[in-house]
Amino acid sequence: MSGIEDPVDDLKVTPPKTWATGVPAVTHALEYALGQTSVRRTALTLLNINQAKGFDCPGCAWPEPAPGKRHMNEYCENGGKHIADEATSRRVTADFFREHSIAELDTKSDYWLNQQGRLTEPMVKRPGATHYEPIGWDEAFGILAGELRSLASPDEALFYTSGRLNNEAAFLLQLFARAYGTNNLPDCSNMCHESSGSALGETLGIGKGSVSLDDIHEADLIFVVGQNPGTNHPRMLSALEETKRNGGQVVAVNTLPEAGLMRFKHPQKARGVIGRGTEIADQFLHIRAGGDLALFQALNLLLLQAEDEAPGTVLDHDFIASDTTGFEAFAEHARKTRWEDVLEATGLTREEIEEVHRRVLASRKVIVCWAMGLTQQKHGVPSIREIVNFLLMRGSIGRPGAGVCPVRGHSNVQGDRTMGVWERMPQEFLDALGREFSFTPPAHHGLDAVDSIRAMRDGRASFFLGVAGNFVRATPDSEVTEAALRRCRLTAQISTKLNRSHTVCGETALILPTLGRSDRDVQEGGLQFYTVEDSMSEVHASRGRLAPASPHLLSEVAIISRLARRTLGDEPAIPWEEFERDYGTIRDRISRVIPGFEEFNTRVDRPGGFTLPNPVNEGVYPTPSGKAVFTRNEFTMLRAPEGHLILQTLRSHDQWNTIPYAMNDRYRGIHNARRVVLVNPADLAALGLADRDLVDLVGVWEDGRERRAPAFRVVSYPTSPGSAAAYYPETNVLVPLDSVADISNCPTSKGVVVRLEPTAADGRG
């Protein structure tokens, strides 16, 4: 029996922090690491993480400084915890699965499941069984291939991946799926940054950011909108500190005050250890949930009015004329913006917005960064399009120190998309893939994550393969998602550690254990490395250093290659065995299929790798018009009925993606509990509730069905009025499957209408 206890909420609250990182961050990272493994193993991982000859941190996609400018400890607290979590000495063996039934495991918390350790051998749940049992790799591939060959249509199969996957395995996964005959390639981007890709693809012609780390450093003004760098990508704070030291300013836009955007204490510099550190945000806009569209509409109106007052001094008319289309129609629409709408939607004062406007007028180089606070809104795509309008007006696109910066969370979520993991890849990519491998990829669009759940629910898909990630806990409408997966004939998860997706099974279920990012990967062709792409389109190598957790583990490349060979045979003639033997042969093929990867093996072998070309920075816009596009975006705002609040789901500081590493969120002052809901004190008073009351969160939506997350403790907290916040994945049950962003189909996890219903058996704690 495992000695890990399943934690019980025992809420303690302290005042929220007003600064982030510093010595406590180092201490917490080391404490967690030493609780997972040995001193030697901890040192080996921490000294190699994010180094030019080491391995890439799976924790986030923020880029590293150039080789020669990196610190020997080039990682953050959460990155250190994440790699220690992967390098743990704990093991999940066949004995563990004999001892614990699947039903019992399904009652355990996400924390408990993760803390059991690394998976060590393939396991199977056969039809009607109550437990997983060991299975050989050959039989496991036989079951998978047999099921795939038996489907009436390839479109009954789903191939999901998260951003933990490397470029080489991602390329093989999409190649296998398309050679098999489907474009059903849902991925984690569908649930987080799909709105960014949709908006940027339409307006700039490329669904990626346009800035580099050097641009961040030299910007005059940076907006940080709907994101929490202190928890989700702490190394961004180092870059923002450099911005401030170079004379730049930062405007933070958020429904919650975030410690890292108040003050940052760099743990590797004296001012961060014994000094006050650096104040990051020059101005904090405490915006209402979903008010970002209205904010940038107001800023755009102010820019137009400033140009009217001083013609030729505010807008970049030469750039607008040469590089854009649609300006006149946009400007006509923007002038109709009404201040009463803006102030209601944002909860800000006109003076606050005009102060930001003055900062904009004083700045020539402007960057807007954003994350899921924007993308997971019903109007996420229009909000990002309005940001593009804002930047285009003054020519702040494609120039040093200026541009768009969607900050992605997973380390290779952008790389997976570049490699073709998308249900709607353009025909040019499919044609190049078909030419290289002598087959005709399917042209019809596949299913994204939300549509995949619908397909399983409705019986249109019955085979689910998850490659990395924790699909069942990353997706919305938990009850619907779990029921959908249980309808499948076969579910299989390629994983490093135990998670909830292993307890929510199809009729047959497989656990296929794989190497971690920090593990050595030795194949027949020798020691291998693989590559990743960060948020700023930099591609670099990653080389694991640790002995694998078990001799039975296979790499993701090996698993996909062997499954493809068993399923497809020799048709089409794809050299899967060669790919498994030597990953360099995969990179050779990538270089002939995907533009920007020419001479891939040579260029990625250089310290720091290489940066993919971004046409926007060359003044080239791959849009139908060949120009950047101004758009007209109708005003809209989130409104909650009287007695209701707008809830956003978020993660705690001691959490990576869906997995909590502890029951704390120390920057927000929450300790020993996760079932808490943060509510503005004025809203609590209006609702007749008191701090620490026990409530059920009841989600209401237009389908008339109520969704309930029971037994949450209310915490009085400075959220923006009308807004509330609670941790996912516990609150994913409240997000309706059909509540998605317009155009992108991204779940609206930052805009859930809820009421707080007192729990009948409340004993105030």
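**Exercise 1. Find how Phe464 is placed, and which ring it pairs with.**

Let's start with Phe464: at a relative accessible area of 1% this residue is buried, where buried means under 20% relative accessible area, exposed over 50% and partly exposed in between (1.4 Å probe, protein chains only). A word on the source: this is a predicted model, in which local features need pLDDT of at least 70, side-chain atom pairs count only at pLDDT 80 or more, and totals for chains, interfaces and linings use all residues. Residues are numbered from 1 along each chain as its sequence is written, and side-chain values use heavy atoms, with hydrogens and water left out.

Next, the partner. Rings of Phe, Tyr and Trp (its six-membered ring) pair if their centres lie within 6.5 Å; planes under 30 degrees apart count as stacked, over 60 as edge-to-face and the rest as tilted. Phe464 and Tyr160 are 6.2 Å apart centre to centre with 25° between the planes, a stacked pair. Tyr160 sits in strand β7 (residues 157-161) and Phe464 in strand β16 (residues 463-467), so the pair ties together parts 304 residues apart in sequence. Tyr160 is buried too, at 2%.

**Exercise 2. Classify the pair of Phe437 and Phe579.**

Begin with the geometry: the centres are 6.3 Å apart and the planes make 85°, hence edge-to-face. Then locate the rings: Phe437 is in helix α23 (residues 427-437) and Phe579 in helix α28 (residues 576-581), 142 residues apart. Helices (H or I, at least four residues) and strands (E, at least two) are DSSP runs, numbered from the N terminus. Finally, check burial: Phe437 is buried at 2% relative accessibility, and Phe579 is buried at 0%.
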